[in-house]
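Colleague: I have just opened this structure and would like to learn how to read it. Could you take me through it step by step?

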Amino acid sequence: YALGTLMFATSMGNAPEDSARVLHQALDAGINFLDTADAYGDSEDVVGKALAGRRDDVVLATKFGRPTGEDPNHQGASRRWIVTAVENSLRRLRTDHIDLYQLHRPDPDTDIEETLAALTDLIHSGKVRAIGASQTPAAGIVEAQWVAERRGLTRFHTEQPAYSILNRGIEREVLPTAQRFGMGTLVWGPLGQGLLT
């Protein structure tokens, strides 16, 4: 199980101390995987503060690519933005490495080779340990795997799609494709954004 931290953003109405309490209870219960994103308001800041002294206890995942403000240059999957975004996330998370760095949404304006090359460089530098993607259609997964193999780049290790009993569309193509390439799947919204609670 992973603890998603979108709800840790104070813009969602949660006080940082309440979020820290939830995070500590999750760790104490044995959850050791945290997933956040730079686009989740101040969630990375809240997670970074709450993890003080416990960073080595978790697999820490974050995402990049979605807009993080009004500036149209603060988004996407270009090398220029990835290099900036990872430094911002490392600072907010108060860590020297990210265990899983994920492309939040496909970027139709950037060639996947540029994205994978930048992410491969981050792995070689030690700032990122593994890479993944989110909300990628099956054809996009195949293209990324093909480009990585063809160009000698690091491939995506994970895919993060929406999935619940109310939203089973990934069963047709995305899940079989991820399985074919040996990718882990981290689903979001398994309770249908509360409809199944």
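Modeller: Gladly; we will go through the sheet, one helix and some salt bridges in turn. Please keep in mind that this is a predicted model.

Colleague: Let's begin with the sheet. In what order do the strands lie, and is the pairing parallel or antiparallel?

Modeller: The general idea is that strands of a sheet pair through backbone hydrogen bonds, in either a parallel or an antiparallel sense. Here 7 strands form an open sheet, ordered β1-β2-β3-β4-β5-β6-β7, with parallel pairing. At the edges are β1 (3-4) and β7 (184-185), each of which pairs on one side only.

Colleague: How many bridges join β2 to β3?

Modeller: Strand β2 (residues 33-35) runs parallel to β3 and is joined to it by 3 bridges. To see the register, find phenylalanine 33, which stands opposite valine 59 in β3. Moving across the sheet, β3 and strand β4 (residues 98-103) are paired in parallel over 4 bridges, and alanine 61 has leucine 100 in β4 as its bridge partner. Then 5 bridges join β4 to strand β5 (residues 128-134), again in parallel. Leucine 100 has alanine 130 as its bridge partner in β5.

Colleague: Which helices link these strands into β-α-β units, and what is the handedness?

Modeller: Follow the chain from a strand, over a helix, to the next strand. One right-handed β-α-β unit consists of β2, helix α2 (residues 43-50) and β3. Another right-handed unit is made of β3, helix α3 (residues 79-93) and β4.

Colleague: Why is strand β3 described as largely enclosed?

Modeller: Strand β3 covers residues 59-64, and 5 of its 6 residues are buried, so the rest of the structure largely encloses it.

Colleague: Now a helix, please. Which residues of α5 are buried, and what do they pack against?

Modeller: An α-helix has 3.6 residues a turn, so residues three or four places apart point the same way. In α5, the buried residues are Ala138, Ile141, Ala144, Gln145, Val147 and Ala148. They pack against α4 (112-125), β6 (158-160) and α6 (174-180).

Colleague: What span does α5 have, and what follows the helix?

Modeller: Helix α5 (residues 138-151) has 14 residues and reaches 20 Å from its first C-alpha to its last, close to the expected 20 Å. Next comes glycine 152, with a positive phi near 70 degrees.

Colleague: How many salt bridges does a search of the whole structure find?

Modeller: In general, side chains of opposite charge can pair when their charged atoms come close. The search finds 10 salt bridges in the whole structure. One of them is between aspartate 28 and arginine 54, at 3.0 Å from N to O. Aspartate 28 lies in helix α1 (residues 16-28) and arginine 54 in the loop between α2 and β3, so the pair ties together parts 26 residues apart in sequence. Asp28 and Arg54 also belong to a salt-bridge network with Asp57.

Colleague: Are the residues of the arginine 55 and aspartate 99 pair buried or exposed?

Modeller: Arginine 55 counts as buried at 12% relative accessibility, and aspartate 99 is buried too, at 15% relative accessible area. Their side chains meet in a salt bridge of 3.0 Å, N to O. Arginine 55 is in the loop between α2 and β3 and aspartate 99 is in strand β4, so this pair ties together parts 44 residues apart in sequence. For a pair between helices, look at arginine 151 and glutamate 113, whose side chains meet at 3.3 Å, N to O. Arginine 151 lies in helix α5 and glutamate 113 in helix α4, so parts 38 residues apart in sequence are tied together. Arginine 151 is exposed, at 52%, while glutamate 113 is partly exposed, at 29%.

Terms used. Residues are numbered from 1 along each chain as its sequence is written. This is a predicted model: local features need pLDDT of at least 70, side-chain atom pairs count only at pLDDT 80 or more; totals for chains, interfaces and linings use all residues. Side-chain values use heavy atoms; hydrogens and water are left out. Buried means under 20% relative accessible area, exposed over 50%, partly exposed in between (1.4 Å probe, protein chains only). Helices (H or I, at least four residues) and strands (E, at least two) are DSSP runs, numbered from the N terminus. Two strands pair if DSSP finds at least two bridges between them. A crossover is right-handed if, with the strands pointing away from the viewer, the path from the first strand over the helix to the second runs clockwise. The expected span of a helix is 1.5 Å times one less than its number of residues. Contact means heavy atoms within 4.5 Å. A salt bridge is a side-chain nitrogen of Lys or Arg within 4 Å of a carboxyl oxygen of Asp or Glu.
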